Amino acid sequence: MDRHELRRLDYSLSQDHTDLQCAYRDFFTITCGIETVRAAEPSGFDNDLWERLCATGAITMALPETAGGDGATLVDLTLVAEEAGRALAPVPWIDHVVAARLWAALGVAPTETVTGAQICALDPHQDANGGALLLPAGAIADHVIVRDGYDVVHLRFDSHPATLDNIGGLPMAWVDPALASKRHVLASGPDALAAYQRALDEWRLLTAAALTGLTEATMTIAADFAKTRHTLGVPIASLQAISHPLADIAIAVGGARNLTRRAAWFADNEPDERPELASCAFVFIAGEAPRAASMAAHVQGGLGVSAEAAASAYLVRARGWALAGGDPARTAQRISDLVAEREHTARTPTVAPLADPIPV
C-alpha cells in the first residue's frame, strides 16, 4: 500500500493540526463562556466575539491564497468548527467562510468579506424554491449569495431584517431576494451550480464538525455531573443506566469525528471520488446530537432542563443547528441519489467501439 492510499484510510491529526485545535479551544474557552452564550441569545450574535475571532485569522485562513487568504484545508476548518460548536459560539463563522469561499471561487470577493469586516451568508437549503429564504445568518449578513435558476447571485439590502426567534440561538431571519437593493449575477450555468453545491457540502461538513464538538461537550457536562452525585453510597456514573448511555455518546462522537475528517480529506484531495461523505457526516450527527444532549439533560434530572443549566443550552442548539439548513431528510436523499448514480455507472457495461472495416 503506497503512502497516498494509506492516508485515505488514516485520518489522525498532524502536530500542526493538534496545535491549531488547541489554540482555538483555548480561545473559545477564554472568550466564550456560557454567560456569553446566554447574553447573545436575543440577537444570536456577539459582535465583540466576532471581531476577536476575526483577529485570530479564522476568516482569512479559510480562503485560498489567490483571494487574499491563507489557503487552509477543509480538515483545518473542521477543527475550528468543532471548537466553535463545543463552546456554542454565537458567531456565524461557518456561514461566512462557506459563502466567502464560494464568492472567491466564482469571482473576486471584496476585502471586507475576506477580513470579516462585513458578514457574508448563503442559502444552505438543498432546494432553491424561490420566494423568501430562511437564512441562519440572515439577520446580520451584509452580503447574501443565493441560487436563482441557473444563476448564482449576490444580493445586498438597505437594512437587516429582524431576527427570528429560534431554538438554535442563531441570527436567523427571512430574506426576500425581491427586496434586494443591489443584485449581481456572479456566475451562471452548470459550473456555477456545481460550485454552489460544493458550498452546500462544505456548509454541512463544517456544521457536522460543530455538532460533533457540541455533542462531546454535552457528554462532558453529563459525565462531570455523574461523578459528583451518589446513590446508595456509589457515584451514579457507576450505574449501567448512566454509564452505558454515556459510552454510547462517546462512540457517536468518535464516529462522527472520523467521518467528518474523512469527508474533509476527500473534499480536499479527491472531491469527485466520494462526494456523499460530507452529507453522510451531517446526517449522522444531526440525528445523534439531539439524542446525546437529551441524555445529558436526563442525567442531571430536573436541573438539566432548567433554563439556567448549561445542558439545556446545548439541548436546544443540538436540535436547532441540525435544522438550520432545512430538513436533514433532504440531505439523506442526496446521499441516496449520489450512491445510486455511482452504482449504476459502475454496473453499466462499456460498449467497445466497432472496429474499422478491413479494406478489401
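This is a short talk on the nonpolar cores, one unusual loop residue and the cavities of the structure above.

Keep in mind that the model is predicted.

I'll start with the cores. The largest nonpolar core holds 83 residues. Inside this core, Phe28, Trp93, Leu122 and Ile145 have the most contacts. Helix 8, which runs over residues 190–226, gives the core its largest share, 14 residues. There is also another core, apart from that one, with 13 residues. Phe225, Ala226, Val253 and Ala292 are among them.

Now take one of the well-connected residues, phenylalanine 28. Which residues does phenylalanine 28 touch, if we leave aside its neighbours within four places in sequence? They are Gly33, Leu53, Val80, Glu83, Ala84, Ala87 and Ala89.

Next, the loop between helix 5, residues 74–86, and helix 6, residues 93–106; leucine 88 sits there. Leucine 88 is not a glycine, yet its phi is positive, about 55°. Is leucine 88 buried or exposed? Its relative accessibility is 1%, and buried means under 20%, so leucine 88 counts as buried.

That leaves the empty space. Rolling a probe the size of a water molecule over the atoms shows where such space is left. How many cavities of 30 Å³ or more does a search of the whole structure find? The search finds two.

The largest cavity has a volume of about 320 Å³. Its lining is made of 27 residues, and Val91, Ile94, Asp95, Leu170 and Trp321 are the ones nearest its centre. By type, the lining of the largest cavity has 19 nonpolar residues, five polar and three charged. At least two lining residues come from each of helix 5, helix 6, helix 8 and helix 11, the last being residues 310–323.

The second largest cavity contains about 40 Å³ of space. Its lining consists of Thr78, Leu79, Glu82, Ala209, Thr212, Ala256, Arg257, Thr260 and Arg261. Here the split is three nonpolar, three polar and three charged. Helix 5, helix 8 and helix 9 each supply at least two residues of this lining. Which helix gives the largest share of the lining of the second largest cavity? Helix 9, with four residues; on the model above, look for residues 240–269.

To recap helix 8: it gives the largest share of the largest core, and it supplies lining residues to the largest cavity and to the second largest cavity.

That is the end of the talk.

Technical notes:
Residues are numbered from 1 along each chain as its sequence is written. This is a predicted model: local features need pLDDT of at least 70, side-chain atom pairs count only at pLDDT 80 or more; totals for chains, interfaces and linings use all residues. Side-chain values use heavy atoms; hydrogens and water are left out. A nonpolar core is a set of buried Ala, Val, Leu, Ile, Met, Phe, Trp, Tyr and Cys residues joined through side-chain atoms within 4.5 Å. Buried means under 20% relative accessible area, exposed over 50%, partly exposed in between (1.4 Å probe, protein chains only). Contact means heavy atoms within 4.5 Å. On a 1 Å grid over the protein atoms alone, a cavity is a set of points where a 1.4 Å probe fits but cannot get out, and a pocket is an open set with protein on both sides within 12 Å along at least five of seven lines; lining residues have an atom within 4 Å of a point. Grid points are joined across faces, edges and corners, and a volume is the space filled by probe spheres set on the points. Ala, Val, Leu, Ile, Met, Phe, Trp, Tyr, Cys and Pro count as nonpolar, Asp, Glu, Lys and Arg as charged, and the others, Gly among them, as polar.
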